[in-house]
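These are my notes on the model, set out point by point for whoever takes up the structure next. Please read them with the coordinates open.

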Amino acid sequence: MISGRGGSVMRGRIRPPRRPKAQGDGEDEFEVCWDKLREALRDIHTRNAGQLSFEQLYRYSYKMVVKKAAVKLYDRVKEFEEKWFADEVMPPIWALITPNLISVTLDEVPNSSINERRAVGERFLKGVRSSWEHHNFSMNMIADILIYLDRGFSSDHSRPTIYTTTIGLFRDNILRSTITQDGVSHLVFDILNATIIDQINMEREEDVIDKALVRSCISMLEGLFETDEEREDERLYVTSFEPAYLRSSTAFYKAEAEKLLRENNASTWLHYTKRRLAEEADRCHTTLSPLSLQHTLHVVEQELIVKHVNEFLAFESSGINAMIDNDRIEDLTILYHLVARVDPKKGVLRNAVHARIIELGTEIEQTLKNTDFSIAQQTSTEESAEGADKPKPKTLNAAAQQTAAAIKWVDDVLTLKDKFDRIWLTCFEEDLNLQNALTKSFADFINTFGRSSEFVSLFIDDNLKRGIKGKTEAEVDAVLDKAITLIRYLSDKDKFEQYYQKHLARRLLHSKSESLEAEQAMISRMKQELGNSFTTKFEGMFRDMHTSKETTDQYHDHIRGLGEVDATRIDLSINVLAGNNWPKEVMGRTGLADGPKAVPIYPREIQGLQDSFFKFYTMNRNGRVLNWVGSAGSADIKCVFPKLPGKTSGPLSKERRYDVNVSTYGMMVLLLFNDTSEDEWLSFEDIQERTNIPQPDLINVLTPLSVIKPYRVLQKEPQTKGAAKPGDRFSFNKEFVSKTIKIKVPAVSAANKVENDEERKETNEKNEETRKYIIDAAIVRIMKQRKELGHSQLITEVIQVLASRFNPDVPLIKHQIEALIGREYLERADLPDGSPAYQYV
């Protein structure tokens, strides 16, 4: 039911309106409708469409399509638009293409002012934009009028829509048109591209351009396609403008890179490249098209980074070396991000950092050789305040000089490590590739230095003896962590183990450790880092010391239980050491080539104590053998120096008593002078005969007792500052005076010092012998499990098994295989392919 304007009600169906009767034949009706449409199209183009009726114009196109004249209408509209372009649109565009525009954009005539370039270019772009916007607006209105033509004809006949066809006329009749000036033909499209690119280059040169104008022209190119099929990959922006734009960008940044190279400043290059990348990204989002973002950035990266990064990093005063040496954090951060853009593995940066670490490591070694360690190096905390009296530099002996050199080398390496750790954390964003590069670099230069294992052990030794004194628990942990870091870099960990075992033994036996807790914490860290087998001997040494303390206490209780109370009895403390845990040097053992070890002749008083302890020790330990190691012990002796006749004043006018701490061998030497007359002299040979002390040990004992003034308990003849030697004579120094009651005579063998060339050669030889046994054990263990194995595979597996301890030489492995064959552990065999192999016997 539909309510009419009179309020009456009509019932029944709603019928469509009657069609008006046709006026004339079909051809006349088409022409009438076309005339109406043509006038309407002209009014639309002239912006005079205010009085047009959309409904009426739609009916005209509808009629023509219904009358089967769709093809004719389609072609008429296309012809009209083409004629309109030729008469109304193209002449204004051509008028804008002046010789001046062509010379500025295509010919790139030099000496054109920025203002001239901008004005000419903007005038042309504004003309193109105006024509495009007018045409686009008109085509949208025309497409709305002819919408039925698109629905009923274009889709059925596989022809582009009327909008696609007419909008494409701008491409075909303007952009692809050719204009000839001075006998040279120019494509309008080339002029448009060159004008837009010239505007972009002006902005790159920090001039102000009309970004909105450029963006509107770019939008036009994004909306047009190569053909009326309108495929996405055939946008004119992508196919025509972008290639030209990228070629221009490449040329621009190539020239900029050459200019930066002439400036010879890597920092300028870094900041410039960072700024240009940000500008190009912003330009693609605001002025050009996001479609070009990745391609444009790729051009900048290639021209400013990839092609020249090595040249910039090699600059002497501002390159990578200067950045690292001068802690240029900002520059290094930018460099990391730039390199990361072009290489996910950061190969260039890795190589540069690796080379610099090796160079700095070599410089540390060279500085070590050129430093005079004869005078103690003063630390910053020990420097005197301004105006205060500076303490007199302390002169170091040869051993102390070598030890000071070792400590300095390790300190310098740790300082260098801290420096690169800060750079890695702050600048390199904890990158794993660069972390691996840093680790490899430090390992390379540390292991290139032949004394690294020994120096690292001495560094730990120095800290555990006195370096951690007064430090908090956190500071001690930091020192131990640094030590573990250095150990981690060492490739010959077995050599380090040998040195650490020797140094630890002397700290324990001579009570040199500042903190046993720190000692055990160090071993615990090594155990966690290197495995249980690495620290087995160290832990055994601590067990021996603990057991020895208990044994000594039990022995004292045993003596007291016997009721033997003797005020003059010597107080004995014993360290019972298991031979396998302690180094040969400390235990007094020698190789078979050295012949049997001489047995020292102990004083009667000491022999009585030895017998007493041996009886006690074997009461519950049948079959045990005790070998007394005089070189590893110490003794406290009460020395009495009588007053000298004729002296009425001064220290020599009265009796002097001192408590002197010496090595066990030192005690044996001093007790000899209890049985000599006042002016009697004993020769070096006499002392050696009566004590049977090995000559090197005897020299070490007599030198501090007769040469070093604060400890000169004995007189030496001749009186020289050189070490004691065979042929010298010694007597009791009646005129000895000391400012302290307790005197600790340094034991040369007790000091952990850098080995000399001969000692190092001996250590390396012993280490090589030990490695042979380790390689033998590894080969036998592998073959016992595999039964049969090829030659190459056996060598590979041996290297893999031993890599955590040291890097075995392949010739040494082959030599040990031959030795095992000779000892009938292995026998030769052949694999099915004929290659050599071995079988476990």
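Which helix gives the largest share of the lining of the second largest cavity? Point 1 takes this up, after a word on the model.

1. The model is predicted. On cavities, the structure holds 2 of 30 Å³ or more. The second largest encloses about 30 Å³ of space. Helix α7 (residues 162-175) supplies the largest share of its lining, 4 residues. The full lining of this second largest cavity consists of Thr-164, Ile-167, Gly-168, Arg-171, Gly-223, Leu-224, Phe-225, Thr-227, Asp-228 and Glu-230.

2. Overall make-up. The protein has 31 helices and 13 strands. Of its 841 residues, 44% are buried. Among contacts with a separation of 6 or more, 70% are between residues 24 or more positions apart.

3. Nonpolar cores. The largest nonpolar core has 90 residues, and Trp-409, Phe-420, Ile-460 and Met-526 are those with the most contacts inside it. Helix α17 (residues 398-426) contributes the largest share of this core, 11 residues. A second core, separate from it, has 67 residues, including Val-89, Leu-101, Met-202 and Tyr-245. In soluble globular proteins, nonpolar side chains tend to be buried together.

4. Trp-409. What does this residue touch, leaving aside its neighbours within four places in sequence? The contacts of Trp-409 are Ile-364, Leu-368, Ile-446, Phe-449, Ser-452, Phe-455 and Val-456. Trp-409 is also one of the residues with the most contacts inside the largest nonpolar core.

5. Ser-513. This residue sits in the loop between α21 (493-509) and α22 (516-530). Ser-513 is 47 residues from Arg-466 in sequence, while their C-alpha atoms are 7.7 Å apart in space. Once neighbours within four places in sequence are set aside, Ser-513 is in contact with Leu-464, Arg-507 and Glu-519.

6. The sheet with mixed pairing. Three strands make an open sheet in the order β5-β6-β10. Its edge strands are β5 and β10 (742-744), each pairing on one side only. Direction ignored, neighbouring strands of this sheet are turned by 25° against each other on average. Strands β5 (residues 634-641) and β6 (residues 656-663) run antiparallel and are joined by 8 bridges. Within this pair, Asp-636 has Asn-661 of β6 as its bridge partner.

7. The two faces of β5. Which residues of this strand are on the covered face, and which on the uncovered one? Ala-635, Ile-637, Cys-639 and Phe-641 are on the covered face, whereas Ser-634, Asp-636, Lys-638 and Val-640 are on the uncovered face. Helix α26 (residues 664-672) lies across β5 and β6, at about 135° to β6.

8. The antiparallel sheet. Another open sheet has 3 strands in the order β7-β9-β8, with antiparallel pairing. At its edges are β7 (682-683) and β8 (714-717), each of which pairs on one side only. Between β7 and β9 (residues 729-732) there are 2 bridges, in the antiparallel sense. Leu-682 stands opposite Phe-730 of β9. Helix α28 (residues 695-706) packs on this sheet and touches β8 and β9, its direction making about 105° with that of β8.

Note on methods:
Residues are numbered from 1 along each chain as its sequence is written. This is a predicted model: local features need pLDDT of at least 70, side-chain atom pairs count only at pLDDT 80 or more; totals for chains, interfaces and linings use all residues. Side-chain values use heavy atoms; hydrogens and water are left out. A nonpolar core is a set of buried Ala, Val, Leu, Ile, Met, Phe, Trp, Tyr and Cys residues joined through side-chain atoms within 4.5 Å. Buried means under 20% relative accessible area, exposed over 50%, partly exposed in between (1.4 Å probe, protein chains only). Contact means heavy atoms within 4.5 Å. Two strands pair if DSSP finds at least two bridges between them. Axes are lines fitted to C-alpha atoms, for helices over the stretch in contact, and angles run from 0 to 180 degrees between N-to-C directions. On a 1 Å grid over the protein atoms alone, a cavity is a set of points where a 1.4 Å probe fits but cannot get out, and a pocket is an open set with protein on both sides within 12 Å along at least five of seven lines; lining residues have an atom within 4 Å of a point. Grid points are joined across faces, edges and corners, and a volume is the space filled by probe spheres set on the points.
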